[in-house]
Amino acid sequence: MVGRLDTRITGPLTPPRDDGRPPAADDPALGLGGRNVIESPALGCYLVAEAEAPGKEPYVSLSLDLNFARDWRAALPARTFYRNPTVYLCRLMRRRTALRILLLGCYFDLAAPLSAALSALRHNGVPADRVHVRALEGGHSLSDYQR
């Protein structure tokens with residue numbers, strides 16, 4: 001199986017399970033194993049030490065239990081799930097002529113492909129000369145970016 005979040009990472013194709021776990025949890029790029037949670041101790045330490053954030057609990061950077069407990073489609077109009085925010089960006093850029101966009105994306109991300117974001121910007125009338133595109137060598141998370 002090729003990772004959706006990072007196509008450089010592969011894993012064995014597992015048979016469908018009936019354990020209530022969302023199929024997205026099997027993405028080999030997540031590295032979840034049997035868990036549904038990813039903790040980030042380094043970010044937790046930074047937030048407490050440098051940003052003076054309160055708390056002693058581990059910093060949870062991803063919880064599929066939380067993500068999949070909500071039906072995100074319920075908040076959107078019927079018959080659609082995808083919302084295209086570039087219409088609003090285009091409108092804002094017409095009003096604020098000094099506004100620029102920095103579009104960051106990674107080559108190995110299938111969840112949010114850079115080409116899809118670029119296409120949405122260009123097809124909604126966002127002026128190309130006011131968009132700076134930076135394609136990075138990484139997966140879905142910019143923190144995975146390798147220089």
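This briefing covers the charged contacts, surface patches, cysteines and one backbone feature of the structure above. The model is a predicted one, and the values below were computed from its atoms. The structure holds one salt bridge, and the count of disulfides comes to zero. On the surface, a positive patch is formed by Arg91, Arg94, Arg95 and Arg96, while Leu43, Tyr46 and Tyr59 form a nonpolar one.

**Salt bridge**

- The one salt bridge of the structure joins the side chains of arginine 8 and aspartate 6, with a distance of 2.6 Å from N to O.
- The two partners differ in their exposure class, since arginine 8 is partly exposed at a relative accessible area of 38%, whereas aspartate 6 is buried at 6%.

**Positive patch**

- Four arginines, Arg91, Arg94, Arg95 and Arg96, make up a positive patch on the surface.
- One of them, arginine 96, is placed in the loop that runs between helix α3 (86–95) and strand β3 (101–106).
- Arginine 96 counts as exposed because its relative accessibility of 55% lies over the 50% cut-off for that class.

**Nonpolar patch**

- The side chains of Leu43, Tyr46 and Tyr59 form a nonpolar surface patch, and together these residues have about 280 Å² of accessible area.
- Among them, tyrosine 46 belongs to helix α1, which spans residues 41–49.
- With a relative accessible area of 46%, tyrosine 46 is classed as partly exposed, because that class lies between the cut-offs of 20% and 50%.

**Backbone feature at glutamate 52**

- Glutamate 52 has a positive phi of about 55 degrees, although this residue is not a glycine.
- The residue is found in the loop between α1 and β2 (60–63), and glutamate 52 is exposed there, with a relative accessible area of 69%.

**Cysteines**

- A disulfide requires a pair of cysteine sulfur atoms within 2.5 Å, and by this rule the count for the structure is zero.
- Cysteine 45 is exposed, with a relative accessible area of 55%, whereas cysteine 90 is buried, with a relative accessible area of 4%.
- For cysteine 90, the buried class follows because a value of 4% is under the cut-off of 20%.

Methods
Residues numbered from 1 in each chain as written. Predicted model: local features only at pLDDT ≥ 70, side-chain atom pairs only at ≥ 80, totals over all residues. Heavy atoms only, no water. Buried < 20%, exposed > 50% of the residue type's maximum accessible area, 1.4 Å probe, protein only. Patch = residues over 30% accessible without salt bridge, like charges linked within 9 Å, V, L, I, M, F, W, Y side chains within 5 Å. Areas by Shrake-Rupley, 256 points an atom, 1.4 Å probe, with all protein chains shown as cover. Lys, Arg positive; Asp, Glu negative; His and termini not counted. Charge placed at Lys NZ, Arg CZ, Asp CG, Glu CD. Helix = DSSP H or I, 4+ residues; strand = E, 2+ residues; numbered from the N terminus.
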